[in-house]
Amino acid sequence: MASNQLLLTALMGVVLLAVVALLTRVENWRSYAPLPAGGGGYGREAEHGHEEKPGGITRWLTTVDHKDIGILYGTYSVVAFAVGGLMAVGIRLQLFTPEGALFGGNFYNALMTSHGITMLFLFGTPVIAAFANYFVPLLIGADDMAFPRINAIAFWLLPPGALLIWGGFFLEPLTGGAIQAAQTSWTMYTPLSVEQTLGGAGPNVGADLMLLGLHLTGVSATMGAINFIATIFTERDDDTSWANLDIFSWTILTQSGLILFAFPLLGSALVMLLMDRNLGTTFYAVEGGGAMLWQHLFWFFGHPEVYILVLPPMGLVSLILPKFAGRELFGFKFVVYSTLAIGVLSFGVWAHHMFATGMDPRLRASFMAVSLAIAVPSAVKTFNWITTMWNGRLRLTTPMLFAIGFVSNFIIGGITGVFLAAVPIDLLLHDTYYVVGHFHYIVMGVIGFGAFAGIYYWFPVYTERMYQRTLGKWHFWLSMIGTNLTFFAMLTLGYLGMPRRYATYQFGEAAPLDLVTLFHQLASVGAIVLLVGQLIFVWNLVQSWLEGPAVTDDDPWDLADTDQRTKEFDWLDEKLSRDREAPVVADGGEEVATDGGQDPDAGDEAPRED
């Protein structure tokens, strides 16, 4: 016990030293000329009289440019998505046979815990921050984020957070099993999360590391939210008013407001849990607040967190879908109002996760009513998306395919959520695979598809290249088939009575074992299909960024034809203009200015995707 605590203290000291080193940097930030009022970061050096950005790794370690930080967030989230996805494949392979194919129960529990936390906190929130950091300032005409250095600090809190969350996996072989990965499930329900030990040998320090890592990610998200609110309120240019603010910025603003109220509560609950585990307090003990206190605190954060994750992808689809439907978003104001309504109502539905805990029936009825009511603004968005496509001139580009897939998956995920909002149905399906299928339709089928739509749509802006269109469509169809095969099978498993979080399963009375095994195997096959699709995505992303056809037009999607070209493409035009004006070294070694004339890479111009 004492040795474990001593080791934890030493590890925390190392982490703090690493964080201090990242914050102070080897590079002196004050050496860069400050921006005039309203600006920040390295951005637009020529306009603001900045020095050149440093090169190589120093640039990425010291940058406070919102575009660079957006790319850092994006790279980080893709890595986390890969780690979490591989964990998911491991889980599905384990469940391919009833007796478990790969792991023991403890490792399975650790894998399941880390998978959920990785996808929600290390992929979901950062991938949204990647889009918001890069494009919100461009969309609203700002020079940079309101607080560029705080923006950088918010990102650099995430890597140590990930190392702490995954630390148990790395430390177990180094400590001979004295430290293991957390095995609490991503919801960290008490009393399990308070009392979890290593076979009676004392508390599992890996769970403490995970809680500290989660706390860092929460601080990061809160700092980012404050920055986005300040940026959207104070940094808009004269042409951007509240009336014509783009829908993606509206959803980021709403999301940031939710973060400000939700994440500090999670941080407080985590600190209390750490104190119960290590200092003998009784916040969640029977003689104290009780196990129900954790559930109320966690889900008061946890359900707004669903909308923290899903509102920005809704904004992305609301922005992207009209571009390829050839018409403006139908009912723009109603989409904005429904976004704000979801933000408010999301704080009144948390206890529908707790219908089976034995709470007062009158409370259950009130939470059921609000949970059903929040479906209304979501339905408003869905009908607006469908109406936007109705009689439109659809162009089935890869971003459009993912936007349409988003709407399809959102309908399935939303309707299954309405069932779970009804108390009688929830009592039957609570903690079964039906719940797992429902929220994975949202997390992968909605949040993931929205992120993919954004990546493909803005790929020419941040790379000046075009992706491989055929591979993009392969990625969509494999993702669509894999998502529906995997998670629809899980919905069926829920109806068959299969509990969630089980490493093995033996049926016979509730449902035939052969039937349960079949649907587990279908879900596992779907996971492999999903894995193949994501491998294609990563290959396409990296290869196209390095060698894809160059974009020579600042309107690669022909949006001017329908008067829907937005401000972020002005940044693409600026980059292309710089490239045309930059001196080119000829084979003989002389510098030849292009004068903006014939593009030397004209033969590599990216083809249009129709």
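This tour moves from the whole chain to two helices, a surface patch, a set of salt bridges and one buried glutamine.

The model is predicted, so local features are described only where pLDDT is at least 70 and side-chain atom pairs only at pLDDT 80 or more, whereas totals for chains, interfaces and linings use all residues. Residues are numbered from 1 along each chain as its sequence is written, and side-chain values use heavy atoms, with hydrogens and water left out.

**The whole chain**

Begin with the full chain in a cartoon view, where the secondary structure amounts to 21 helices and two strands; helices (H or I, at least four residues) and strands (E, at least two) are DSSP runs, numbered from the N terminus. Of its 610 residues, 56% count as buried, a word that here means under 20% relative accessible area, with exposed meaning over 50% and partly exposed lying in between (1.4 Å probe, protein chains only). The accessible surface comes to about 24,800 Å², and 66% of that belongs to carbon and sulfur atoms; areas come from the Shrake-Rupley method with a 1.4 Å probe, and for residues only the protein chains shown count as cover. Among contacts (heavy atoms within 4.5 Å) between residues at least 6 apart in sequence, 79% join residues at least 24 apart.

**Helix α15**

Select residues 375-389 next, which make up helix α15, a run of 15 residues that reaches 21 Å from its first C-alpha to its last, close to the 21 Å expected at 1.5 Å a residue. The expected span is 1.5 Å times one less than the number of residues. Show side chains, and colour Pro377, Ser378, Lys381, Thr382, Asn384, Trp385, Thr388 and Met389, which are buried in α15. These residues lie on the same side of α15, because they cover an arc of only 160° around the axis, the arc being that of the directions from the helix axis to the C-beta atoms. On the other side of α15, Val376 and Phe383 are exposed. To see what covers the buried residues, add the neighbouring elements, which include α12 (291-325), α13 (332-345), α14 (361-373) and α16 (398-421). Just past the helix, stop at Asn391, which follows α15 and has a positive phi, near 60°.

**Helix α13**

One of the covering elements, α13, can be inspected in the same way. Its 14 residues should span 20 Å at 1.5 Å a residue, and its end C-alpha atoms are 20 Å apart, which agrees. Val335, Val336, Ser338, Thr339, Ile342 and Gly343 are buried in α13, and they are on the same side of this helix because their arc around the axis is only 165°. Turn to the other side of α13 to find Lys333, Phe334, Tyr337 and Val344 exposed. The cover over the buried residues of α13 includes α11, α12 and α15.

**A nonpolar surface patch**

Switch to a surface view and select Phe383, Ile386, Trp390, Ile411, Ile415, Phe419, Ile425 and Tyr495, which form a nonpolar patch with about 820 Å² of accessible area together. Patches are made of residues with over 30% relative accessible area and no salt bridge, like charges being joined within 9 Å and nonpolar side chains (Val, Leu, Ile, Met, Phe, Trp, Tyr) within 5 Å. Helices α15 and α16 each supply at least two residues of the patch, and its largest share, three residues, comes from α16. Tyr495 belongs to helix α19 (residues 469-495) and is exposed, with a relative accessible area of 56%.

**Salt bridges**

The structure holds 10 salt bridges, each a side-chain nitrogen of Lys or Arg within 4 Å of a carboxyl oxygen of Asp or Glu. Start at Lys67 and Asp65, whose closest N and O atoms are 3.2 Å apart; Lys67 is buried at 5% relative accessible area, and Asp65 is buried at 1%. Then select Arg277 and Asp208, whose side chains meet in a salt bridge (2.7 Å, N to O). This pair links distant parts of the chain, with Arg277 in helix α11 (residues 247-278) and Asp208 in helix α10 (residues 205-234), 69 residues apart, and both Arg277 and Asp208 are buried.

Move on to Asp237 and Lys567, which form a salt bridge with their closest N and O atoms 2.9 Å apart. Asp237 lies in the loop between α10 and α11 and Lys567 in the loop between α20 and α21 (568-581), so the pair ties together parts that are 330 residues apart in sequence.

**Gln534**

Finish at Gln534 in helix α20 (residues 513-547), which counts as buried at 11% relative accessibility. Leaving aside neighbours within four places in sequence, Gln534 is in contact with Phe81, Met444, Phe452, His475 and Ser479.
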